[in-house]
Amino acid sequence: MGNAYPTYYKGIFSELRKTLTEAATKARTKNVGLYKLDKTNSGVLLDKLAVIINEQPILPKLFRRLAEFIAGEDSPNLSGFLDWLAARDTKPVMIVSTQNLTHLYHLIEVKGQTVRLLELPENLIFTH
């Protein structure tokens, strides 16, 4: 239990999403699996790429964007990350709880070198 992130895409059956969300919620509550170390929503201090590769797991979609942004930098500067992401991720994301459409860069907070997702992964449906 808790060994995978729920990442939903347009077209997922609602009953399947509900079942997977319940499992993720249970794993997070019990602090098992990847949720023992997960920093997706609490925030990861990203002073080097190795942090998210070897030490503190985050949602793979966020990981891939950060890894691409800081590729090759020994001491990454995240000040331009949200602008960079806005130019790349143009497809909307639906927030399940409100049924609102937005974009991934609106759902991420960057404070200095700390990055976090503002919504739980299971509360999002990606359109791509």
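Ile125 in this predicted model is in contact with Tyr8, Tyr9, Lys10, Arg17, Val93, Met94 and Val96, leaving aside its neighbours within four places in sequence. Ile125 belongs to strand S7. With a relative accessibility of 11%, Ile125 counts as buried, because the cut-off for that class is under 20%. A further reference point for Ile125 is Asn100: the two residues are 25 apart along the chain, and their C-alpha atoms are separated by 10 Å.

Strand S7 also leads to the interior of the model. The largest nonpolar core has 28 residues, and those that touch the most other members are Leu62, Leu66, Phe81 and Ile108. Two or more core residues are given by each of helix H1 (14-30), helix H2 (50-55), helix H3 (60-70), helix H4 (81-88), strand S3 (93-95), strand S6 (114-117) and strand S7 (124-126). H3 supplies the largest share of this core, with 4 residues. Leu62 can be followed in detail: not counting residues up to four places away in sequence, Leu62 touches Phe81, Ile108, Val115 and Leu117.

H3 is therefore a useful element to follow next, as the source of the largest share of the core. The buried residues of H3 are Lys61, Leu62, Arg65, Leu66, Ala67, Phe69 and Ile70. Lys61 and Arg65 are thus included in the buried set, alongside residues such as Leu62 and Leu66. The cover over the buried residues of H3 includes strand S1 (8-9), H2, H4, strand S5 (108-111), S6 and S7. Just after H3, the backbone at Gly72 takes a positive phi of about 85°.

One part of that cover, H4, can be described by its geometry. The axes of H3 and H4 come within 11 Å and cross at roughly 110°. Angles of 65 to 115 degrees count as roughly perpendicular, so H3 and H4 are roughly perpendicular to each other. The crossing in which H3 passes H4 is right-handed. On the H3 side, the contact is made by Leu62, Arg65, Leu66, Glu68 and Phe69, and on the H4 side by Phe81, Trp84, Leu85 and Arg88. Sorted by class, this contact has 6 nonpolar residues, 3 charged residues and no polar ones. Leu62, Leu66 and Phe81 appear in this helix contact, and they are also among the residues that touch the most other members of the core.Beyond H4, the chain passes through Thr90, in the loop between H4 and S3. Is Thr90 buried or exposed? With a relative accessible area of 54%, Thr90 is exposed, because the cut-off for that class is over 50%. Thr90 and Thr102 are 12 residues apart along the chain, and 9.6 Å separates their C-alpha atoms.

Thr102 itself is found in strand S4 (residues 100-102). The relative accessible area of Thr102 is 14%, so this residue is buried under the 20% cut-off. Not counting residues up to four places away in sequence, Thr102 touches Lys91, Pro92, Val93, Ile95 and Leu107. Val93 is one of the residues in contact with Ile125 as well.

Gln99 is found in the loop between S3 and S4. The phi of Gln99 is near 65°, a positive value in a residue other than glycine. At 53% relative accessibility, Gln99 counts as exposed.

A similar backbone feature can be examined at Asn31, where phi is near 55°, again a positive value in a residue other than glycine. Asn31 has its place in the loop between H1 and S2. Its relative accessible area is 42%, and Asn31 is partly exposed.

The loop between H1 and strand S2 (44-45) also holds Gly43. Gly43 counts as buried, at 14% relative accessibility. Leaving aside neighbours within four places in sequence, Gly43 is in contact with Thr114, Val115 and Arg116. Of these, Val115 is also touched by Leu62. Gly43 and Leu118 are 75 residues apart along the chain, while their C-alpha atoms are separated by 9.3 Å.

Conventions: Residues are numbered from 1 along each chain as its sequence is written. This is a predicted model: local features need pLDDT of at least 70, side-chain atom pairs count only at pLDDT 80 or more; totals for chains, interfaces and linings use all residues. Side-chain values use heavy atoms; hydrogens and water are left out. A nonpolar core is a set of buried Ala, Val, Leu, Ile, Met, Phe, Trp, Tyr and Cys residues joined through side-chain atoms within 4.5 Å. Buried means under 20% relative accessible area, exposed over 50%, partly exposed in between (1.4 Å probe, protein chains only). Contact means heavy atoms within 4.5 Å. Axes are lines fitted to C-alpha atoms, for helices over the stretch in contact, and angles run from 0 to 180 degrees between N-to-C directions. Angles under 35 degrees count as roughly parallel, over 145 as roughly antiparallel, 65 to 115 as roughly perpendicular and the rest as oblique. A crossing is left-handed if the near helix is turned anticlockwise from the far one by less than a right angle, and right-handed if clockwise. Ala, Val, Leu, Ile, Met, Phe, Trp, Tyr, Cys and Pro count as nonpolar, Asp, Glu, Lys and Arg as charged, and the others, Gly among them, as polar.
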